[in-house]
Amino acid sequence: MAGVSLKCGDCGALLKSVQEAQDHAELTSHSNFSESTEAVLNLVCTTCGKPCRSKTESDLHTKRTGHTEFADKTAEVTKPISLEVPKAAAMDIDVPAAADASTTSQPEEMVAPEVDKKILDELEAMGFPTARATRALHYSGNASLEAAVNWVVEHENDPDIDEMPMVSINSKVEAPKPSLTPEEMKQKAQELRERARKKKEEEEKKTEREKEKERIRIGKELLEAKRIEEQNERKRLMALRKAEKEEEKRAREKIRQKVEEDKAERRRKLGLPPEDPATVKPSAPVVEEKKSMLPVRPATKQEQMRECLRSLKQSHKDDDAKVKRAFQTLLTYIGNVAKNPSEEKFRKIRLNNQTFQDRVGSLQGGIGFLELCGFEKIEGDEFLFLARDKVDMAVLNSAGSELTSAINNPFFGVL
C-alpha cells in the first residue's frame, strides 16, 4: 500500500508532503523521515472551521474556545504522498544531501532513544514502567518531569503506550538538559506524590465511613432483635403465670366440690336433711374474695426486686460504672448473708457508713432492694438489720439471680 504521509523517526510527527518535511527539518534539525500508511488527521471544527491535525490539537482548541464538535474529513483529503522534491527546493540540495538521501533509503539499525536519566529515574520511582517513561520523555522532548507526566496523561489510552520507542542509530543525539533544576524536579515529584497520597487517604476515609455506617446498622438490628426477644420472653412468662393461676383455681374448685360432697355424705349418714343451698350461697363470694386476695409472694417479691433494680439504673443511666458498682455491692451483701446466715456482722449494716452511702445508700432504690430481702431499719434508722429468724434463703437466692442478670445483661433497664 502506498504511503499517505511522512513520519518523523525522531519525534513521531506525521507530515502531508515533502515540503512540510523540509520545513519540519529546518525547525527541529530532525532528518530521519520515512513513508507511513497512517493518514494525517483532518479534524475540522464545525463552529469556526479551524482544522486540527491531531486529537491533542483538537483538545487544546476545545480548551481555548469551548468548541467541542469536530468533523472528521481525513478520508476526503488523504492521498498518496508524492516524494518528488519541489524544483526550488531541489536546486538548493547539494551533493552531500543527495548522498544522505541515498543512505536513508537503505535499512538502518534502530535503537532506543537517549533520554534524561534523572527524570527517567523520577518517573520510575513514581511507578511508571520504563518503556512508558522513556516514550513520554522522548516525545515530550526531555523538557521536564511535568511535561512527561502530562504526555502520559494525554496518551494513556494509546495502544502502544507501553512499547519502547525506536529511532535510527544515525539520529541519536545527546539528550537535552532538563529545563528544571534537580531541586525543582524533586519538588514537582513531591507534589505529585502528595496528590496521590491525599487521594488515597480520601478513599480510605470514605471506605472507613461506609464500614462505620454498616457497624451502626448491624448494632441497631441486634439491639432491636434483643428488645423483641425480651418482649416475647415477658409475654411467655405472663402467659405461663396466667395458666398456673387458672390451674390453681381449678384445683381449688375441685377441692371445694369434694368438701361439699363429704359434708353432704356426713349429713346423710347422721340422718340430717340436706343443707339448703340458699344458706351456702352468701359465703361463696367471701371465700372467692379471700382467694382472689391471696398473693403469690415469691413471684411478686421477685418482680418488685427487678423493678427496684430497673428504677436504680434508670435514675443513673448516665453513669454505668456507678450502677454496676452498686449492683456488685448489693450482690456482695446478699451473698455474705446467704453463705453465713448466723454471722450478725453480715446481717447488720450501718446506714451512715460513707462507703455504703457512696455505693448503695445514696442511690434511689438501693435501700429499698435490701428491705425487700428482709432487712429492717433499727435503732432510730441508724442500722439496717436482718434478723436470723427472718433469713429466707429462697428470697436471697431470687435476689442474687436478679442482681446477676442485671450485671451481665447489657440491655437491662434500657428498654
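Which side chain meets Glu253 in a salt bridge? Hi everyone, let's start there. The partner is Arg256, with an N to O distance of 2.5 Å. Before I go on, please keep in mind that this is a predicted model.

So why do these two sit about one helical turn apart? Glu253 and Arg256 are three residues apart in helix 9, and that spacing is about one turn. The general background is that an α-helix has 3.6 residues a turn, so residues three or four places apart point the same way. Also, side chains of opposite charge can pair when their charged atoms come close. As for exposure, Glu253 is partly exposed at 30% relative accessibility, and Arg256 is partly exposed too, at 37%.

Let's stay on helix 9, which covers residues 182-269. Arg215 and Glu212 also join their side chains in a salt bridge, at 2.4 Å from N to O. They are three residues apart, which again puts about one helical turn between them. Arg215 has a relative accessibility of 44% and counts as partly exposed; Glu212, at 36%, is partly exposed as well.

Then there is Arg252 with Glu248, a salt bridge of 2.5 Å, N to O. Here the spacing is four residues, still about one helical turn of helix 9. Arg252 comes out at 28% relative accessibility, partly exposed, and Glu248 at 35%, also partly exposed.

Charged side chains can form networks as well: Glu194, Arg197 and Glu201 are linked by salt bridges into one. And for those of you who like totals, how many salt bridges does a search of the whole structure find? The number is 21.

Now to a part with a lot of cover: helix 7, residues 130-139. Eight of its ten residues are buried, so I mean "mostly covered" quite literally, with buried being under 20% relative accessible area. The buried ones are Ala131, Arg132, Ala133, Thr134, Arg135, Ala136, Leu137 and His138. What lies over them? The cover includes helix 6, at 117-125, helix 8, at 145-154, and strand 8, at 167-168. After helix 7 comes Gly141, which has a positive phi, near 75 degrees.

If you want one residue to click on in helix 7, try Thr134. Is Thr134 buried or exposed? It is buried, with a relative accessible area of 5%. Setting aside residues up to four places away in sequence, Thr134 touches Pro113, Val115, Leu120, Met164 and Pro165.

Keep Met164 in view for a moment, since Met164 is in contact with Thr134 and also takes part in a nonpolar surface patch. That patch is made by Met110, Met164 and Met166, and its area is about 260 Å². Met110 belongs to strand 7, residues 110-111, and is partly exposed, with a relative accessible area of 41%.

Next, a loop. Lys50 sits between strand 4, at 43-45, and strand 5, at 51-52. It is partly exposed, at 34% relative accessibility. What does Lys50 contact beyond its neighbours within four places in sequence? The list is Leu43, Val44, Cys45, Glu57 and His61. For His61 we also have a backbone distance: the C-alpha atoms of Lys50 and His61 are separated by 8.8 Å, and the two residues are eleven apart along the chain.

Last stop, the sheet. As a reminder, strands of a sheet pair through backbone hydrogen bonds, either parallel or antiparallel. In this model, three strands form an open sheet, in the order 2-1-3, and the pairing is antiparallel. Strand 2, at 14-15, and strand 3, at 33-36, are the edge strands, each pairing on one side only. Strand 1, residues 5-8, meets strand 2 in the antiparallel sense over two bridges. If you'd like to find that pairing on the screen, look for Leu6: its bridge partner in strand 2 is Leu15.

To go back to where we began, the pair was Glu253 and Arg256, meeting in a salt bridge at 2.5 Å, N to O. Thanks for listening, and I'm happy to take questions!

Key
Residues are numbered from 1 along each chain as its sequence is written. This is a predicted model: local features need pLDDT of at least 70, side-chain atom pairs count only at pLDDT 80 or more; totals for chains, interfaces and linings use all residues. Side-chain values use heavy atoms; hydrogens and water are left out. Patches are made of residues with over 30% relative accessible area and no salt bridge: like charges are joined within 9 Å, nonpolar side chains (Val, Leu, Ile, Met, Phe, Trp, Tyr) within 5 Å. Accessible areas come from the Shrake-Rupley method with a 1.4 Å probe; for residues, only the protein chains shown count as cover. A salt bridge is a side-chain nitrogen of Lys or Arg within 4 Å of a carboxyl oxygen of Asp or Glu. Buried means under 20% relative accessible area, exposed over 50%, partly exposed in between (1.4 Å probe, protein chains only). Contact means heavy atoms within 4.5 Å. Two strands pair if DSSP finds at least two bridges between them.
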